[in-house]
Amino acid sequence: MGRSLTQKIIETHYVSGSMIPGEEVFIRVDQTLTHDINAVMTYLAFEAIGLDRVRTECSVSYLDHNLLYVDNKTPDDHIYLQSAAKRFGVYVSRPGNGICHTVHVSRFGAPGKVSMGGDSHTPHGGAIGMLCIGVGGMDVATAMTGVPMRLKMPRVVKVNLTGELKPGCNTKEVILEMLRRVSVKGGLGNVYEYVGPAVEKLEVPARATIANMGAEMGATASIFPADEQVRKFMKAQGREKDYIQLLPDADARYDETVDIDLSKLEPLIACPHQPDRVIPLKEAEKKRVQQVFIGSCTNASYSDIAKAALVFEGRHVNEDVSCTCAVASRQTYRELMRDGYIDMLLAAGVRMLEIACGPCCAIGQTPATDGVAVRTSNRNFKGRAGNPTAKIYLVSPESAAATAIMGTFATAEDVMGEDVVKLAQVKEPEEYLVDDSMIIEPLPDEEAQKVEIVRGPNIKFLPIPEPPRQYLQVPVSLKGGDNISTDDITPASAEFSSMRSNIPLMSQYCYHRYAPDFAARAKEMGSSIIVAGENYGQGSSREHAAINPMYLGVKAVIAKSIARIHKGNLINHGIIPMIFEDFRDYDRIDLFDELEMEDLPDQIRARTVTVKNKTKEFTFQVKLELSDSELEVVLSGGQLSYLKKQLAGQEE
């Protein structure tokens, strides 16, 4: 039986474990990436581990998310990150060079490699035949030590693409259609492998849109074959030597198959407040739109921005709309200027923003009160854009441009008529403008040892959790619903993002928008438990959504289900992830109920814990869906303590 791309890459990186889906496998990691608003915790952890230098082939620190310096905190973080990178042998992509995923695929990624990144959209790199997995910062720190990484062997889903996209449609429609079918939690434990005759015509940036937003399905990763399109892309980047052909076997076995005929797709829109609330754009209620944002790692390639510019050509942004655009990389920005597309946007009244993530994670361009915002980014959770009263809709760049012109939801065809066929003629450059002057290369070992790591006053210690207690009796500090996102737990924005290197400060805003009284309540309780519904911790990989509750004394989360990356972050930072055996017990628990667990370490080892609700006098069962190594991490009191034991064992 033939092998899929995913199986081939895991086999070549296999260290130990089982390659049966759902079981634990350990693999070697080639590359890591971090970005500024999450990375301080990663490098503080790496410092605490005590190694002199990273042990990966390539690790890159990107300064790309928060470039809005509202006070000293973010520039202090950037100086710390740059000095830590020099000290430990890490590349630095400086502010203004571009968004991590775009730059990494262009300048560092290569087919067949395994990459782990401290950002949930790391699977973007699957566009060139890499296996790229988003994880928490502690996992990135672990990968940088060279220790094999723990992974649940995924199911591999074949997505067979046929047909051809109509002019005015974008590969954003493909991933929105996948989200419509799969949901925000239906991809858990899966890698989606895109194949079929339509794939051969999709350029790498178009593939990246699909791979990037696979994260919204809860998928482990998404991947495309390393074929002629990838070779062409890497040649255009001056990196053809790094290309290898990597295709699935003709008789590859898959766990499931999905078929999508691209010619049947039409412009789609994801409605508030989940990216899987997808309907045809023409069926969306025609609301007045106050804000349009074109950009983010998902849809800010050369082709994306050029097509949006052609929709704007000879037209103007509606007087009631604020329209902004952020290009994904400096390389792309310069090419768009060279070819006249930036001028088209400026002539149309579009405001050009910094080359950064920006509005996608609420760093600037927050919508108005009760505002309707249309974006080409990847998430539309409540409050994601910085204002919980706003309604965020997700569309393609072509549809976003049309919407900005019309002042309400519209497609490129609505604006351009028959001229929409012009959009199909836009292609990626045959040769990219290669300029790596904004990338700082690692220093030689001898020089690196002399580097002093610079810590500004906002950079505080990394909290270290304690191992589970023998006896636990604690109150419920939060009773949450379904689909609580990491944005709900640790809010986004320039202000809040700048606090992430200061856990004592950041923890004061834990659940700030979802349950404003949580932080004070949890601190007063001293120790507590969170109870939640389905898909707890969906969304961003930010491990602060685990660190902040841990710092406030949360010992466990009991939920109906927990999102993959967040579950890993809870384990890494000493919060026990528990799942209701009977979902009906969720309804019987209220805020402030006292929950009791006896002989907790022994029950953890058994992976089943009996919990007594002392307030309401009933007992219920929870299960711990943990592998053997995850179990040891929990019993050790988190990944840092466990990793130190591992490394000490290697040295002996």
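In which helix is the place of Ala 400? I began my notebook with this residue, keeping in mind that the model I was reading is a predicted one.

**Entry on Ala 400**

I looked up the helices and found that Ala 400 belongs to helix H12, which covers residues 397–406. I then checked its accessibility and noted that Ala 400 has a relative accessible area of 0%, so this residue counts as buried. When I set aside the neighbours within four places in sequence, I found Ala 400 in contact with Val 292, Ile 294, Val 374, Thr 376 and Val 395. I also compared its place with that of Lys 479, and wrote down that the two are 79 residues apart in sequence, with 37 Å between them in space, C-alpha to C-alpha.

**Entry on Thr 142**

Next I turned to Thr 142, which I located in helix H5, made up of residues 137–144. I recorded a relative accessible area of 2% for Thr 142, which means that this residue is buried as well. Leaving aside neighbours within four places in sequence, I listed the contacts of Thr 142 as Val 147, Met 149, Gln 639 and Leu 643.

**Entry on aromatic pairs**

How many aromatic pairs does the structure hold? I noted 13 of them, and I looked at two in detail.

One of these is formed by Tyr 302 and Tyr 341, whose rings are 5.9 Å apart, centre to centre, with 85° between the planes. I wrote this pair down as edge-to-face, because the angle is over 60 degrees. The pair links distant parts of the chain, since Tyr 302 is in helix H9 (residues 302–312) and Tyr 341 is in helix H11 (residues 341–347), 39 residues apart. Both partners are buried, with a relative accessibility of 6% for Tyr 302 and 14% for Tyr 341.

The other pair I followed is that of Tyr 511 and Tyr 514, which is tilted, with 5.8 Å from centre to centre and 55° between the planes. Is Tyr 511 buried or exposed? I found Tyr 511 to be buried at 0% relative accessible area, whereas Tyr 514, at 34%, is partly exposed.

**Entry on a cluster and two charges**

Finally I looked up an aromatic cluster, and wrote down its members as Phe 580, Tyr 586, Phe 618 and Phe 620. I checked which charges sit over these rings, and noted that Lys 479 lies over the face of Tyr 586, at 4.3 Å from the ring centre. For Phe 618 I recorded the charged end of Arg 588, which sits over the ring at 3.8 Å from its centre.

Technical notes
Residues are numbered from 1 along each chain as its sequence is written. This is a predicted model: local features need pLDDT of at least 70, side-chain atom pairs count only at pLDDT 80 or more; totals for chains, interfaces and linings use all residues. Side-chain values use heavy atoms; hydrogens and water are left out. Rings of Phe, Tyr and Trp (its six-membered ring) pair if their centres lie within 6.5 Å; planes under 30 degrees apart count as stacked, over 60 as edge-to-face and the rest as tilted. Helices (H or I, at least four residues) and strands (E, at least two) are DSSP runs, numbered from the N terminus. Buried means under 20% relative accessible area, exposed over 50%, partly exposed in between (1.4 Å probe, protein chains only). A charge sits over a ring if NZ of Lys or CZ of Arg is within 6 Å of the ring centre and within 35 degrees of the ring normal. Contact means heavy atoms within 4.5 Å.
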